[in-house]
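Colleague: I would like to learn how to read the contacts in a two-chain model. Could you take me through them?

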Amino acid sequence: MVNLIWVLLAAVGIIFAAFNGTMKEVNEAIFLTLDEAVMITISLAGVLVFWLGLMKIAEEAGLLRGLAAIFRPIVERIFPEIPKDDPAIGYILSNMTANMFGLGNAATPMGLKAMKEMKRLSGSDGASRSMITFLAINTSSLTLIPTTVIAIRMKYGSVDPTSIVGATITATIISTLAALMIDRFFYYRRMRVRKL
Amino acid sequence: MISIWFIPGIIFIVLAVATIKKVPAYEVFVEGSKEGIQIAVSLLPFLLGMMVSIAIFQASGAMGAILKVFEPLMTSIGVPEEILPLALIRPISGTAALSMTTELIRTFGPDSLIGQLASTMQGSTDTTLYIITVYFGAVGIKRMGDALKVGLLADLVGIIAAIVVVFILFS
């Protein structure tokens, strides 16, 4: 499916540009994006190196196990495939916590590390059930404090920059619950197909 | 701003607990960090490939044309048409969505209905395509299963939820 989307976006874009007379813009966009992707990777590298180092300390010091212990009942239900005391749980929870507080910078490294741990558990190059659930939660966003949005609202002179926090939390809870339900639906559908 | 305390606070707690538990903090830090370089490098092809495709689609004007098709549908149920491009771009491109949100807030004011809608949408869903590309790319997952379907459907629910909640709270 990703192959199809990837090809379609580019191919449709190029055909559209041919008729629309925007080939020049497409050319510029391609080379601008190459630079941009490298820049993003480099800045991500800094963040990754720092947080994975810090999280390793947290793991060795037993902090991740502590975090996992507190949320065990919830996590067990959401990720039934992951063994109780696996470090994967600690990284999943760190990722979620960072997301909740709007620390996107810290959330990505922990999320990637969580994916690595889940891959170790599944040992295949296909997406495991836990991975799909984890991504569903991440893509629906978990933000409780949308720091970036609040900053933009302040900049443009909002009388109440944090007025949208309640709305954001409500919408986030709805979308995260929906993500979990949709994820379960597809999981049970996969199981049924496999049985037939 | 309380949020400026978070990150230094986390760093302090981790280092303090490590010292109490006699973990050789610096050595462990360096050991864990190394993995970061490896993840970042393996990420580049996935990220770059996806970004180029999206950029072509956007720059050609195809994205704009698709938005035009959906506009009457949205306005007919009372959603301001200005918000639609943001709703469609939010799952695809984080940077495009952020600049669109900023633009909407600047043009219509942060406290207008459009401003509130844009703010809530920006905060309550995330860039599905980016997350899936990066997370699966970093660990070399080739078969993604239902992940994309689940992510995009959840986005749809999230965007509808954002619109409904803002309408209830602010108008």
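**Reading the salt bridges and the interface**

Modeller: Happily! Let us start with one pair: A:Arg153 and B:Asp111 form a salt bridge, with their closest N and O atoms 3.4 Å apart. The rule asks for a side-chain nitrogen of Lys or Arg within 4 Å of a carboxyl oxygen of Asp or Glu. This is a predicted model, where local features need pLDDT of at least 70, side-chain atom pairs count only at pLDDT 80 or more, and totals for chains, interfaces and linings use all residues; side-chain values use heavy atoms, with hydrogens and water left out. Residues are numbered from 1 along each chain as its sequence is written, while chains are lettered from A and ligands numbered from 1 in the order in which they are written.

Colleague: What is the mean pLDDT of chain A, and where is confidence lowest?

Modeller: pLDDT is the predictor's confidence in each residue, from 0 to 100. Chain A has a mean of 88, and 98% of its residues reach 70 or more. Confidence in chain A is lowest in helix α3 (residues 63-70), at a mean of 82, and highest in helix α7 (residues 129-139), at 92. Helices here are DSSP runs (H or I, at least four residues), numbered from the N terminus.

Colleague: How much area do chain A and chain B bury between them?

Modeller: The size of an interface is often given as the accessible area lost when the parts come together. Here the two chains bury about 7800 Å², 78% of it on carbon and sulfur atoms (accessible area lost, 1.4 Å probe, summed over both parts). On the chain A side, A:Leu9, A:Ile57 and A:Thr139 lose the most area to chain B, together 8% of what that side buries. The contact (heavy atoms within 4.5 Å) takes 92 residues from chain A and 91 residues from chain B.

Colleague: How many salt bridges cross the interface, and how many are there over all chains?

Modeller: The rule finds 6 across the interface of chain A and chain B, and 13 over all chains.

Colleague: Why can side chains pair in this way?

Modeller: Side chains of opposite charge can pair when their charged atoms come close. Within chain A, the side chains of A:Lys113 and A:Glu117 meet in a salt bridge at 3.4 Å, N to O. These two are 4 residues apart in helix α6 of chain A, so about one helical turn separates them. A:Lys113 is buried at 7% relative accessibility, and A:Glu117 is also buried, at 10% (buried means under 20% relative accessible area, exposed over 50%, partly exposed in between; 1.4 Å probe, protein chains only).

Colleague: Which chains does the pair B:Arg143 and A:Asp125 join?

Modeller: Their side chains meet at 2.9 Å, N to O. B:Arg143 lies in the loop between α7 (128-139) and α8 (147-170) of chain B, and A:Asp125 in the loop between α6 and α7 of chain A, so the salt bridge joins two chains. B:Arg143 is exposed at 54% relative accessibility, whereas A:Asp125 is partly exposed at 29%.

Colleague: And inside chain B?

Modeller: One example is B:Asp146 with B:Lys149, whose closest N and O atoms are 3.3 Å apart. B:Asp146 is buried at 8%, while B:Lys149 is partly exposed at 29%. Salt bridges that share partners also join A:Asp86, A:Lys113, A:Lys116, A:Glu117, A:Arg120 and B:Glu35 into one network.
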